[in-house]
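Good morning, and thank you for the time. I would ask you to keep the structure in view while I go through several of its local features.

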Amino acid sequence: MAVLPDAPRPEAPRPEAPLLEVRDLHVTFATPRGPVRAVDSLGFTVEAGRTLGIVGESGSGKSVTSLAVMGLHRGAEVGGSIALAGQELTGMSDKELSRLRGRKMAMIFQDPLSSLHPYYTVGEQIAEHFRVHFKSGRAAARKRAVDMLGEVGIPEPARRVGEYPHQFSGGMRQRVMIAMALACEPDLLIADEPTTALDVTVQAQILELIARLQQERGLGVVMITHDLGVVARVAHEVLVMYGGRAAEQAGVDELFADPAHPYTRGLLDSLPRLDDADDDPLRAIPGSPPSLLTLAPGCAFAPRCAVAAAGTGAERERCTGERPELLPYGGPGRLAACHVAGRTAPAAGAAAVAAATESEVSR
């Protein structure tokens with residue numbers, strides 16, 4: 001986890017209606033080996049001026065969820081409800097969605113170099129984005145590109161607007177992507193791993209930039225990341241995903257103070273601590289994420305769960321045979337999908353999971 005400088009999360013009001021409301025989202029891909037449900041029964045809300053952090057291991061469904069919201073899946077079956085400011089997006093035509101992308105919702109991808117076209121200047125790419133939605137002239141669009149580059153902190157924007165992506169550093173390219181995403185002043189910004197492959201100082205700058213623009217514009221932000229340091233720094237609410245489903249939802253302070261799901265606790269325990277000795281081993285979660293082709297009937301995390309391993313026979317049978325529903329846990333707005341929510345695992349449970357994992361690998 002990147003160690004970022006301390007900074008308070010921006011406070012934001014809670015409006016009456018959510019900016020984004022996702023209910024019972026399903027995303028299924030057809031494969032030669034059968035259908036894969038990459039996202040299953042997912043629901044969450046994002047309010048204007050607030051940030052939802054979506055966290056989980058690779059393959060948990062984070063990016064698939066964001067692409068479903070943007071309407072960017074091709075060949076996938078998307079079901080459920082996705083409402084932006086009360087407007088239903090599921091079932092919209094590509095033409096209707098293209099009018100909303102950029103104008104009402106925008107996305108920053110994790111690799112800006114592959115997202116920017118190498119043959120066009122950054123100014124041309126921002127200006128084209130602006131012209132498509134506002135039907136403006138070339139001069140007005142170029143001015144907008146210069147203004148946006150200046151707003152995201154790129155020095156000498158009037159000169160650099162004519163440069164190409166390869167002439168910018170990784171952090172500056174990410175700033176260009178933010179400028180392009182916000183050029184048309186959308187209400188919702190989805191940031192998919194926006195600080196990946198950036199050094200710690202640049203990570204902090206990018207996160208501070210997004211937070212500042214959010215405060216100035218009242219943006220609703222979805223921050224997709226595997227880095228809990230990023231979540232702690234910028235998110236107001238957190239959605240933890242595992243195996244394509246929600247494992248836990250909570251306010252960021254509640255989640256870090258008292259994780260309800262054993263998977264969330266495992267993610268937090270795996271982080272290095274400042275008071276660890278130099279020779280202390282990292283505390284990894286044993287095993288690997290599940291294959292979405294062969295999900296077990298019970299809790300997807302059960303084979304890796306030390307709490308389930310340490311439970312009674314009836315508890316273990318329930319964890320492996322009955323899929324847990326996302327139910328209220330603790331305070332208002334807090335949810336957990338776990339039969340043993342809130343319990344911690346004794347050493348015997350962790351040892352049992354580790355032994356089972358080693359046995360599986362040796363076969």
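I begin with internal space. This is a predicted model, and the count of cavities of 30 Å³ or more comes to three. I shall dwell on the second largest cavity, which holds about 40 Å³ of space. Its lining is made up of His261, Pro262, Cys299, Phe301, Ala302, Cys305, Ala308, Cys319, Cys338 and Val340. Sorted by class, that lining has nine nonpolar residues, one polar residue and no charged ones.

Several cysteines appear in that list, which leads to the matter of disulfides. How many disulfides does the count come to? The count is zero. Cysteine 319, one of the residues lining the second largest cavity, illustrates the point. The cysteine sulfur closest to that of cysteine 319 belongs to cysteine 305, and it lies 6.2 Å away. Because a disulfide requires two cysteine sulfur atoms within 2.5 Å, that separation is too far for a bond. Cysteine 319 itself is buried, at a relative accessible area of 6%. Elsewhere in the chain, cysteine 184 is also classed as buried, with a relative accessibility of 0%.

A word on confidence is due here. The average pLDDT of the protein is 87, and 90% of the residues reach at least 70. Residues 1-8 are a stretch where pLDDT stays under 50. For this stretch the model has 20 contacts beyond four places in sequence. Where pLDDT is low, predicted coordinates should not be read in detail.

Let me turn to helix α1, residues 62-70. Why may this helix be described as largely enclosed by the rest of the structure? The reason is that seven of its nine residues are buried. The buried residues are Lys62, Val64, Thr65, Ser66, Ala68, Val69 and Met70. Methionine 70, within α1, has a relative accessibility of 3% and therefore counts as buried, the limit being under 20%. Apart from neighbours within four places in sequence, methionine 70 contacts Arg101, Met105, Ala106, Met107 and Ile190. One of these partners, alanine 106, is 36 residues away along the chain from methionine 70, yet their C-alpha atoms are separated by 7.7 Å. Just after α1, glycine 71 adopts a positive phi of about 70°.

Positive phi values also occur at residues other than glycine. Glutamate 156 has a positive phi of about 50°, and its place is in the loop between α5 (138-151) and α6 (157-160). Glutamate 193 likewise has a positive phi of about 50° without being a glycine. The loop that holds glutamate 193 runs between β7 (188-192) and α8 (200-217). Is glutamate 193 buried or exposed? Glutamate 193 is buried, at 9% relative accessibility.

I close with three further positions and their surroundings. The first topic is valine 122, in helix α4 (residues 122-134). Valine 122 is buried, with a relative accessibility of 0%. Beyond residues up to four places away in sequence, valine 122 touches Leu149, Arg160, Val161, Glu163, Tyr164, Pro165, Phe168 and Val176. Valine 78 stands apart from this site: the C-alpha atoms of valine 122 and valine 78 are separated by 33 Å, with their positions 44 residues apart along the chain.

Next is arginine 334, found in the loop between β11 (327-328) and β12 (335-336). Although arginine belongs to the charged class, arginine 334 is buried, with 8% relative accessibility. Its contacts outside four places in sequence are Glu248, Gln249, Ala250, Glu254, Leu255, Asp258, Pro259, Ala260, Leu327, Pro328 and Tyr329. From arginine 334 to alanine 277, 57 residues apart along the chain, the C-alpha separation is 34 Å.

Lastly, glycine 43 is part of strand β2 (residues 34-46). Here the relative accessibility is 23%, and glycine 43 counts as partly exposed. With neighbours within four places in sequence left aside, glycine 43 is in contact with Val22, Arg23, Asp24 and Gln249. Gln249 is also among the contacts of arginine 334. Glycine 43 and proline 112, 69 residues apart in sequence, are 29 Å apart in space from C-alpha to C-alpha.

Thank you for your attention.

Notes:
Residues are numbered from 1 along each chain as its sequence is written. This is a predicted model: local features need pLDDT of at least 70, side-chain atom pairs count only at pLDDT 80 or more; totals for chains, interfaces and linings use all residues. Side-chain values use heavy atoms; hydrogens and water are left out. pLDDT is the predictor's confidence in each residue, from 0 to 100. Contact means heavy atoms within 4.5 Å. Buried means under 20% relative accessible area, exposed over 50%, partly exposed in between (1.4 Å probe, protein chains only). On a 1 Å grid over the protein atoms alone, a cavity is a set of points where a 1.4 Å probe fits but cannot get out, and a pocket is an open set with protein on both sides within 12 Å along at least five of seven lines; lining residues have an atom within 4 Å of a point. Grid points are joined across faces, edges and corners, and a volume is the space filled by probe spheres set on the points. Helices (H or I, at least four residues) and strands (E, at least two) are DSSP runs, numbered from the N terminus.
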